[in-house]
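Me: I should like to learn how to read the features of a model, beginning with the chain as a whole and ending with single residues. Could we work through one together?

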Amino acid sequence: MHKKIIVIGGGPAGLAAALSAADSGVAPDDILIIERDRELGGILNQCIHAGFGLHYFGVELTGPEYAARFIDKVRERGIGVATDSMVLSLSADENGRTVTFVSPALGFVRAEADAVILAMGCRERTRGALNIPGSRPAGIFSAGTAQHFVNIEGKMPGRRIVILGSGDIGLIMARRLTLEGAKVLRVCELMPYSGGLARNIAQCLDDFDIPLYLSHTVTNIIGRDRVEAVMISKVDEKLRPIPGTEELVECDTLLLSVGLIPENELTRGASIPVDRVTGGAVVDQRCETGVKGVFACGNALHVHDLVDYVSREAENAGASAAAFALGNAPASGGYIPVEPADHVRYVVPQHISAAKPSGVRFFFRVDRPLKNVRVKLRAGDVELYSNKKQVAAPGEMESIEIKEANFDKLAAASRITVSVTEE
């Protein structure tokens, strides 16, 4: 099997990337989306709450409604889809790209592609990554797993619930479980600030009188067959439990909302360079990775807070992959590094190619909550962007767009920096 473009992942990023590639001149039947689930749509299928699409469509949609708009277009265009299919490996170099996958319908397939788009999404951190003491009783779930049980399977994970971590999925599940009749006793957050969007704290916790305990963590899980209680402790500025602050909270369920990790086993297996901070591939402004012809987008590249941004980024990846597959990609022209400076944790893209004379959007996150800040982008000694913001928080991704007219100044720099400083 040979395709112009293979998209690995049929969630919001993969769908948008495939449609963009088709819009950019690749024949729909020369594009293949490989999705391991039985249905397209990815995580959006279980996100039945509203709040999607405000930036992209200008209307508020549920997750399934947002996904359906892209799925319908993929089907209308006749883009190839292989669902219930698991990609085993990606082999990629300048001489070619090979995707090996298996499915009940197609069997064992080794497919060649002119370009590959990585859109595998992300996964949740588990209890094993946290090393919480205690036995292994029933009643411990990641927040996303609990969301699947409630919204897809119609089953309740428990009735008296403690949530560890204030990521957006955990906040949304606090509200969802409350609406289903459970008692969410508290949400505990290790950091002195929440990792979720401010609107989710207000709508999911404050509106339902669910307490948020900052600088607190779970230090023990009690129960053998089923969770019976958890031990909650306050932590110091070094995130270490403070002796004497322990509190026993009786519950039957512990949900973990402790961060998301980009799915990049395939990326690493193909020897594609990965950013140690984002956990995703290192890319340029065209979303091209360190291996020619392989592009990355969405939560496989870096964890987003809004799916609208995932779709826009994926459109860039799809158009860039199409240009490469059709032989229209610009020559490299050398790379200029993009580096995080004051209070910026990471920036994507991590470098830009001087060869593409167009604008570029930089995405970044700050390392802690800040107020009354100045956001700057400098190309060498030249300041190309400066803007004041009242608030910047780690849970909300920021972006800077440099228009085409200023791209020459970017391309002439030896390095580019993004900084956020309090004034």
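Me: How much area does the protein chain expose, and what share of it do carbon and sulfur atoms supply?

Reply: Bear in mind from the outset that this is a predicted model. The protein chain exposes about 18600 Å², and carbon and sulfur atoms supply 47% of that area.

Me: What radius of gyration does the protein chain have, and how should the value be read?

Reply: The value is read against a rule for globules. A compact globule of 423 residues would have a radius of gyration near 22 Å, and the protein chain agrees because its own value is 22 Å. As for extent, the C-alpha trace spans about 65 × 60 × 40 Å along its principal axes. Buried residues account for 52% of the 423 residues.

Me: Which secondary structure elements does the chain contain, and what share of its contacts join residues at least 24 apart?

Reply: The chain comes to 8 helices and 27 strands. Among contacts between residues at least 6 apart in sequence, 64% join residues at least 24 apart.

Me: How many positive and negative side chains are there, and how far apart do the centres of the two sets lie?

Reply: There are 46 positive and 52 negative side chains. The centres of these two sets lie 2 Å apart.

Me: How many residues has the largest nonpolar core, and which have the most contacts inside it?

Reply: A nonpolar core is read as a set of buried residues joined through side-chain atoms. Here the largest such core has 38 residues, and I5, I31 and I117 have the most contacts inside it. At least two core residues come from each of β1 (2–8), α1 (12–23), β2 (31–34), α2 (63–77), β8 (107–118) and α7 (307–325). Of these, α1 gives the most, with 8 residues. A second, separate core has 30 residues, including F101, V109, A111 and V294.

Me: Which residues is I31 in contact with, leaving aside its neighbours within four places in sequence?

Reply: With those neighbours left aside, I31 is in contact with K3, I5, V7, A18, A21, A22, V26, I79 and G80.

Me: Is I161 buried or exposed?

Reply: The relative accessibility decides the matter: a residue under 20% is called buried. I161 counts as buried because its relative accessibility is 0%. This residue lies in strand β11 (residues 160–164). Not counting residues up to four places away in sequence, I161 touches L177, A182, K183, V184, L185, R186, T253 and L255. The C-alpha atom of I161 is separated by 50 Å from that of A325, 164 residues apart along the chain.

Me: Where does D209 lie, and what is its phi?

Reply: One looks at the sign of phi and at the residue type together. D209 is not a glycine, although its phi is positive, at about 55°. The residue lies in the loop between α5 (198–205) and β13 (212–214), and it counts as exposed because its relative accessibility is 69%.

Me: Is S215 buried or exposed?

Reply: S215 counts as buried, because its relative accessibility is 17%. Its phi is near 55°, a positive value in a residue other than glycine. S215 lies in the loop between β13 and β14 (216–222).

Me: Which peptide bond is cis, that from V348 to P349 being the one I have in mind, and what is its omega?

Reply: Omega is the angle to inspect. The bond from V348 to P349 is cis, with omega near 5°. P349 lies in the loop between β21 (344–348) and β22 (351–353).

How values were computed:
Residues numbered from 1 in each chain as written. Predicted model: local features only at pLDDT ≥ 70, side-chain atom pairs only at ≥ 80, totals over all residues. Heavy atoms only, no water. Core = buried A, V, L, I, M, F, W, Y, C linked by side-chain atoms within 4.5 Å. Buried < 20%, exposed > 50% of the residue type's maximum accessible area, 1.4 Å probe, protein only. Helix = DSSP H or I, 4+ residues; strand = E, 2+ residues; numbered from the N terminus. Contact = heavy atoms within 4.5 Å. Rg over C-alpha atoms; globule rule 2.2 N^0.38 Å. Areas by Shrake-Rupley, 256 points an atom, 1.4 Å probe, with all protein chains shown as cover. Lys, Arg positive; Asp, Glu negative; His and termini not counted. Charge placed at Lys NZ, Arg CZ, Asp CG, Glu CD.
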